[in-house]
Each structure stands twice: as C-alpha cells, then as structure tokens.
Amino acid sequence: MTIATNAEPATPPAPRPRSAGQPTAADLLAAAVGAVPGGAARPGQQQMVHAIEQSVDSGEHLLVQAGTGTGKSLAYLTPALLVDGPVVVSTATLALQSQLVDHDLPRLADAIEPVLRRRPTFAVLKGRHHYLCLARLDNSAEEEPEDALFDAPGSGGTKWLGEAGRLGKQIQRLREWAMKTVTGDRDELDPGVEDQAWRQVSMPARECVGANRCPYGADCFAEASRARAREADIVVTNHSLLAVDMLAGRHIVPPHKLLVVDEAHELVDRVSSAAQAELTPTRSTGPPGGPARWCRPRWARRWPRRATPSPWAWPRRRPGGSRPVSRRP
Ligand SMILES: Nc1ncnc2c1ncn2[C@@H]1O[C@H](COP(=O)(O)OP(=O)(O)OP(=O)(O)O)[C@@H](O)[C@H]1O
C-alpha cells in the first residue's frame, strides 16, 4: 500500500477512537507538535499517523511515501509509542540514527510524557564494530614494544615515525576515552579518529568470541547496548545491522511488535552491501598489534592481562552521563 502524503487531503482524518482515558496517536502528535518551535497541524502528517495506526491494528504492511517537510519522524514515532510491545525503527544512515536518539526522541519523550502518563524509553543499536572492544584494546597494549612510539629506527624512519605518531596519538586518545565513556559508541568520540586507529580497538562481529568466552564479556560495550535495547520501548537501529541480523540469524535486534523502516528507498542497497560484507573474508589489519603497539600506556602494564574483574570495571561512568551528539541541526 502506498500513501502519497505530498498531496494534502482536503480534511484531516478523524482520530481513531480509544478506550476511555487512553490517548490516541493524534493526541500524542498534537502534544509533540505543540512542543516544536513553530509547530502547526500538518494534514499530510496527520494522515500518515492515521494510516500507521490502521496498519498496526490490521497487521498489514504499509508503505508510505511522504515528501520533505511532512514531519515523518513524528508521524511514525507517535503511533509507535502506543504499540503494546517493543518497536524497532531502522534508518539508512548513522546520522539519522543519532538524530532520532539524541534529538527527536528525547524531545518527543518530554512532550508526550504528561499525555502518555509515563516516559517512553528508547535505545540505539549499532553493529559491534561501532563499539570499543576492551579485549582488543587490552590485546593491543600487550603486544606493543616498549617506548616504540618515539623510536624510529634507521635514517628512513622519519615518515614511519610520523605515521606511527599520528595513529599512536589517536590510539592513546582512545585509551583515555575508554576510561570515561559510558557507551563506547564511536559516534560519541569527539573529535573522531581515523578508521585505521578505530580498527585497533574494535572487533568485527565475525571475529568476536562472544560475551561468554571473553574475559571482558561482563563489561562489553556492544553487549551493554544490546541489553539496553531489550528493555526499551523504541530501538533505533540501521538497515545494515537489520540485514546482517536477518541474513546471519544473529538475534541482535530484539523481538518486536512493529518494525518501521525509515529511508526505505535505501534498504535494498544496504541489504546487498551487508550480504556482500558477510561473504568477504576477514581483512588483515597489518602486523601483529598494528599501530596500537606504538603507544603502549604505562598503566596498561599495571594490571595483568585477562584479569578478573577487569580493570575497566571501576572507572566506567553510569548511563545518563553520556554526551549526546546531534548530527543534524
Ligand atoms: N507539525 C509540525 N510543525 C512544525 N514543525 C514540525 C512538525 N512536525 C515536525 N516538525 C519539525 O520538522 C523538522 C523535520 O522533521 P522530520 O525530519 O521528521 O521531517 P521529514 O518529513 O523527514 O522532513 P525532511 O525530509 O525535510 O527531513 C523537525 O525539526 C521536526 O521537529
């Protein structure tokens, strides 16, 4: 079913009746729009809310095509919050994922809490390689030669040292960040680091031994994000993770009652890329230890490797202290 909301209907749809005291999606939309600066009723947005409500009730799939300026996010989030069970929202880009979790959903929660009479919860879910891997970080520190960061052997070492210094400094910063971050989410690292540096401290899903076998399993950032997702009303993920989850049967995306695929025109490409990546053999990340070995911190030697409990357990701040990052104004 395709709904073209570019063409505005003559009259807004009648709100769907609800049991006494229970808000309708139209009520939630009105509260949400009322909290947006310059917020005003948009018939196309209202029509989209109504169509989603009907689709939730009937269990039928719905395809919505809505133009720029419709206010699509609020149009699918408001009926989603009335679904009795978890909802998964999938976006094409990490930028939209961050926009929803760091900007739209907190504001929406503030606006509708009095109407809904509870505060909806939400969580972000990304691929494992987006999260800092403590085992990888520990492992890279173990393999670093002493003081190699500043030792450039031979006369031709200047270029090499420059490269090592650049990456080494980034990895050093990653180590410091690892002591402070709550989520371990790469997108919260500001300024960011190059992919080459990030690879030294992250773990592709196919190389991960799993939380049960990893000495850092109890403190794993990726596992923590999945645990938060299992508790949330709305889980915001991306098409690539959704595809990998589906293709490889990884059960990362929690069971849900409703799936909203935003930016659905990107879905085919993202699923194809994810399928391709699943078939690509693991890429070598360079010599053992990689650039991380050039910046072994002194504190890394204070704790025995594979120590239990891990040295990462105590400095971690509790959720709630993380700094939101908004990618769109
Ligand atoms: N009814 C409304 N009145 C005023 N502003 C609104 C309304 N609904 C949403 N907005 C605001 O419009 C902006 C765009 O919303 P959203 O990203 O959901 O829309 P969109 O349909 O995806 O549009 P675009 O394609 O332009 O991004 C957001 O800042 C949102 O808060």
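**Notes on the sheet, the ligand shell and two other spots**

1. Let's start with the sheet: four strands, open, in the order 4-5-3-6, paired in parallel. (Strands are DSSP runs of E with at least two residues, helices are runs of H or I with at least four, and both are numbered from the N terminus; two strands pair if DSSP finds at least two bridges between them.) Strand 4 (122-124) and strand 6 (258-261) sit at the edges with a single partner strand each, so one side of each has no neighbour in the sheet. On average, neighbouring strands here are turned by 20 degrees against each other, direction ignored.

2. Before going on, keep in mind that this is a predicted model: local features need pLDDT of at least 70, side-chain atom pairs count only at pLDDT 80 or more, and totals for chains, interfaces and linings use all residues. Residue numbers start from 1 along each chain as its sequence is written.

3. Now zoom in on one edge. Strand 4 runs parallel to strand 5 (residues 234-238), and 3 bridges join them. Look for Val124, which stands opposite Val236 in strand 5. Helix 4 (residues 94-116) packs on the sheet, touching strand 3 (87-91), strand 4 and strand 5, and its direction makes about 160 degrees with that of strand 5. (Axes are lines fitted to C-alpha atoms, for helices over the stretch in contact, with angles from 0 to 180 degrees between N-to-C directions; contact puts two C-beta atoms, placed from the backbone, within 7 Å.)

4. Which residues come nearest to the ligand? They are Thr68, Thr70, Gly71, Lys72 and Ser73, out of 15 around it. (Being near takes a C-beta atom, placed from the backbone, within 6 Å.) Helix 3 (residues 72-80) gives the most to this shell, with 3 residues.

5. Helix 1 (residues 25-34) is worth a look too: 7 of its 10 residues are buried, so the rest of the structure largely encloses it. (Buried means 20 or more other C-beta atoms within 10 Å of a residue's own, exposed means 12 or fewer, and partly exposed is in between, with C-beta atoms placed from the backbone.) Leu28 and Leu29 are among the buried ones, which pack against helix 2 (43-58), helix 3 and helix 4.

6. Last stop: Pro254, in the loop between helix 9 (239-248) and strand 6. It counts as partly exposed because it has 17 C-beta neighbours inside 10 Å. Leaving out residues up to four places away in sequence, Pro254 touches Pro86, Ala229, Arg230 and Val235.
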